[in-house]
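Colleague: Thanks for sitting down with me. Could you walk me through this one, a few questions at a time?

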Amino acid sequence: MVELSTIARPYAEAAFDVAKTSNLNQWSDWLQSWSAVASNEDIKLLVSNPKLTDEQVLKVFVELTKTPAEAQATNFLSALVENGRLLALPEIARQFEELKNSHEGSADAIIASAFPMTDAEVQNVRGALEKKFGSRLKVTVQVDESLIGGVCVTVGDQILDSSVRGKLNAMKAALTA
């Protein structure tokens, strides 16, 4: 079976090409909104209903998502429906964000901390990470008490684990090896 990322790639690239000439942030917002609706179990049933035509599915989806009347947005959704790719929207949105971040010279970073972080702490970590990765970071902070202490940072596909839990797991692995 073909990987979902392979299916989503040409759609994400097409959306990105259109968005570059109009409004990247607007397309990003649309894709996130469409992705949330496409992830709904009821929508998944609607899309897979063989009794509905493509036009009916598109009409319901456009109404639910309050898609703007812009021809580019409607044409994009229409192509997804016609090709049976509407449910790939979450992956399309993810890949679009990667393309957008690359274009802007930025990246998404998730900082998981055992305790809530102050703005100053977040800025300190952000500064160190931006220096390490050489790009601007869009930081999201999450509290994960299971870390016990410290932080675990995810930037793209890289994970920097300086949490107490991570250090304990490394010590356990070293002792049992």
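Modeller: Happy to! Let me start with the cut-offs: a residue is called buried under 20% relative accessible area, exposed over 50% and partly exposed in between. Please keep in mind that this is a predicted model.

Colleague: Then let's use those cut-offs. Is Thr21 buried or exposed?
Modeller: Thr21 lies in helix α1. Its relative accessible area is 66%, and the cut-off for the upper class is over 50%. Therefore Thr21 is exposed.

Colleague: How far apart in space are Thr21 and Lys44, C-alpha to C-alpha?
Modeller: In sequence, Thr21 and Lys44 are 23 residues apart. In space, the C-alpha to C-alpha distance between Thr21 and Lys44 is 31 Å.

Colleague: Now the helices. Which word describes how α1 sits relative to α2?
Modeller: Two packed helices are described by the angle between their axes and the distance between the axes. For α1 (residues 4–21) and α2 (residues 24–38), the axes are 7 Å apart and the angle is about 140 degrees. Roughly antiparallel would need an angle over 145 degrees, so α1 is oblique to α2.

Colleague: How do the residues of that contact divide into nonpolar, polar and charged?
Modeller: From α1 come Ala15, Phe16, Val18, Ala19 and Lys20, and from α2 come Leu24, Trp27 and Leu31. Lys counts as charged, while Ala, Phe, Val, Leu and Trp count as nonpolar. The contact of α1 with α2 therefore divides into seven nonpolar, no polar and one charged.

Colleague: Staying in α2, is Trp30 buried or exposed?
Modeller: Trp30 is found in helix α2. Beyond its neighbours within four places in sequence, Trp30 is in contact with Pro68, Glu70 and Ala73. Its C-alpha atom is 8.9 Å from that of Ala93, 63 residues away along the chain. With a relative accessible area of 11%, under the 20% cut-off, Trp30 is buried.

Colleague: And Ser35: which residues does it touch, not counting those up to four places away in sequence?
Modeller: Ser35 is also a residue of helix α2. At 9% relative accessibility, Ser35 counts as buried. The residues Ser35 touches are Leu89, Pro90 and Ala93.

Colleague: What about Leu64? What is its relative accessible area?
Modeller: Leu64 is found in helix α4 (residues 54–65), and it touches Val37 and Ile43, leaving out residues up to four places away in sequence. The C-alpha atoms of Leu64 and Trp34 are separated by 9.1 Å, though their positions lie 30 residues apart along the chain. Leu64 is classed as partly exposed, and its relative accessible area is 46%.

Colleague: On to the largest pocket. Which element supplies the largest share of its lining?
Modeller: The largest pocket has a volume of about 310 Å³, and 14 residues line it. At least two lining residues come from each of α6 (89–104), β1 (106–113) and β3 (151–155). The largest share, six residues, comes from α6.

Colleague: Which lining residues are the closest to the centre of the largest pocket?
Modeller: The lining of the largest pocket divides into five nonpolar, five polar and four charged residues. Closest to the centre are Arg94, Glu98, Asn101, Asp108 and Gly156.

Colleague: I'm curious about the backbone at Ile148. What is its phi?
Modeller: Most residues other than glycine have a negative phi. Ile148 is found in the loop between β2 (136–143) and β3, and at 47% relative accessibility it counts as partly exposed. Although Ile148 is not a glycine, its phi is positive, at about 70 degrees.

Colleague: Last one: what is the relative accessibility of Ser163?
Modeller: Ser163 lies in the loop between β4 (158–161) and α8 (164–176). Not counting residues up to four places away in sequence, Ser163 touches Leu147, Gly149, Gly150 and Val151. Ser113, 50 residues away in sequence, is 8.0 Å from Ser163, C-alpha to C-alpha. Ser163 counts as buried, and its relative accessibility is 0%.

How values were computed. Residues are numbered from 1 along each chain as its sequence is written. This is a predicted model: local features need pLDDT of at least 70, side-chain atom pairs count only at pLDDT 80 or more; totals for chains, interfaces and linings use all residues. Side-chain values use heavy atoms; hydrogens and water are left out. Axes are lines fitted to C-alpha atoms, for helices over the stretch in contact, and angles run from 0 to 180 degrees between N-to-C directions. Helices (H or I, at least four residues) and strands (E, at least two) are DSSP runs, numbered from the N terminus. Angles under 35 degrees count as roughly parallel, over 145 as roughly antiparallel, 65 to 115 as roughly perpendicular and the rest as oblique. Contact means heavy atoms within 4.5 Å. On a 1 Å grid over the protein atoms alone, a cavity is a set of points where a 1.4 Å probe fits but cannot get out, and a pocket is an open set with protein on both sides within 12 Å along at least five of seven lines; lining residues have an atom within 4 Å of a point. Grid points are joined across faces, edges and corners, and a volume is the space filled by probe spheres set on the points. Buried means under 20% relative accessible area, exposed over 50%, partly exposed in between (1.4 Å probe, protein chains only).
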